[in-house]
Amino acid sequence: MKGILGTKIGMTQIWKGDRAIPVTVVLAGPCHVVQRKTAATDGYEATQVGFSPKKESRINRPQMGHLKKAGVSGVRYLREFRNFKVEGDTINIDIFSEGEKIDATGTSKGRGHQGVMRRWNFKGGPASHGAKKWHRRPGSIGQRKTPGRVYKGKRMSGHWGTDRITVQNLEVIEVRASENLILIKGAIPGMTGGLVVIRQAIKAQLNQGKGAK
């Protein structure tokens with residue numbers, strides 16, 4: 001499964017004929033091949049890649065030794081792609097083409113500790129006469145005597161965001177290899193400057209496999 005690492009630049013729109021298409025712009029690659037894992041040595045087939053330069057003084061010695069063994073200077077991110085055989089030591093954005101389907105993985109924006117109205121879209125308490133300091137509360141969470149506890153997964157206030165989210169079957173609208181940019185239709189989770197992992201769409205591969213049978 002081919003893939004590449006990038007950083008989210010932001011959203012814009014481009015015109016295709018008389019249609020305006022919303023796209024997310026991602027600066028992807030070049031990614032350096034750090035390690036090739038095989039079934040004989042590691043138990044599975046994968047390619048480990050590094051992306052985004054980082055000062056060597058900010059990398060610990062074991063990781064720096066791992067990078068130097070591959071002839072790679074300091075990188076900020078290391079990720080693996082299963083069953084992805086790479087020719088050469090660098091992965092560029094031209095491995096993807098216009099119209100191809102991809103899966104994009106990012107980390108959602110962190111929003112800190114939030115109440116139930118913002119986190120779960122609760123309607124809140126009544127705003128009528130006599131309702132005092134009750135407008136944004138969740139209401140009762142008990143079950144009287146049975147079961148005598150709060151169920152796991154109960155929707156309550158708490159930390160919201162910084163979750164790993166994958167959006168599947170997004171379409172590649174344009175690839176600008178000279179600028180290392182890929183324009184993807186729709187939105188991708190994460191903040192501007194955040195890491196984005198772009199992979200070949202898993203569902204597209206499954207559909208191809210069904211067609212071959």
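In what order do the four strands of the open sheet stand? The legends below answer this and then move through other views of a predicted model.

**View 1. An open sheet of four strands.** The order is β5-β4-β3-β6, with antiparallel pairing. β5 (75-82) and β6 (90-91) stand at the edges. Each has a single partner strand, so one side of each is left without a neighbour in the sheet. Inside the sheet, β3 and β4 pair over five bridges, in the antiparallel sense. One pair to look for is R36 and T47: T47, in β4, is the bridge partner of R36.

**View 2. The largest nonpolar core.** This core holds 25 residues. Which of them touch the most other members? They are I182 and I198. Several strands each supply at least two residues of this core, including β1 (3-16), β2 (19-28), β3 (31-37) and β4 (46-53). Further along the chain, β7 (101-107), β10 (164-176), β11 (181-185) and β12 (195-200) do so too. The largest share, four residues, comes from β12. Apart from this core lies another, of seven residues. Among its members are I14, V23, I173 and L183. As a general rule, nonpolar side chains in soluble globular proteins tend to be buried together.

**View 3. The surroundings of I182.** Residues up to four places away in sequence are left out of this view. I182 touches T24, V25, V26 and A28. It also touches I93 and F96. V172, E174 and V175 are contacts as well, and so is I198. V175 has a second tie to I182: the two are bridge partners, with I182 in β11.

**View 4. Strand β11 and its two partners.** Is β11 mostly covered or mostly open? It is mostly covered, with four of its five residues buried. β2 pairs with β11 in the antiparallel sense over five bridges. Here T24 stands opposite I184 of β11. β10 also pairs with β11 in the antiparallel sense, over four bridges.

**View 5. The hairpin of β10 and β11.** Four residues lie between the two strands of this hairpin. N180, in the turn, has a positive phi of about 60°. S178 sits in the loop between β10 and β11. Is S178 buried or exposed? S178 is exposed, with a relative accessible area of 75%. S178 and D94 are 84 residues apart in sequence. In space they are 9.3 Å apart, C-alpha to C-alpha.

**View 6. The two ends of helix α1.** The helix covers residues 61-69. At its start, a side-chain oxygen of N60 reaches to within 3.0 Å of the backbone nitrogen of Q63. Just after α1 comes G71, which takes a positive phi of about 75°.

**View 7. Q114 in strand β8.** Strand β8 spans residues 113-114, and Q114 has its place there. Why does Q114 count as buried? Its relative accessible area is 14%, and buried means under 20%. A polar atom of the Q114 side chain lies 2.6 Å from the backbone oxygen of R111. Neighbours within four places in sequence aside, Q114 is in contact with R119, S157, G158 and W160.

How values were computed:
Residues are numbered from 1 along each chain as its sequence is written. This is a predicted model: local features need pLDDT of at least 70, side-chain atom pairs count only at pLDDT 80 or more; totals for chains, interfaces and linings use all residues. Side-chain values use heavy atoms; hydrogens and water are left out. A nonpolar core is a set of buried Ala, Val, Leu, Ile, Met, Phe, Trp, Tyr and Cys residues joined through side-chain atoms within 4.5 Å. Buried means under 20% relative accessible area, exposed over 50%, partly exposed in between (1.4 Å probe, protein chains only). Contact means heavy atoms within 4.5 Å. Two strands pair if DSSP finds at least two bridges between them. A polar contact is a pair of N or O atoms within 3.5 Å; within protein, one must be able to donate a hydrogen and the other to accept it, and residues adjacent in sequence count only if both atoms are side-chain atoms.
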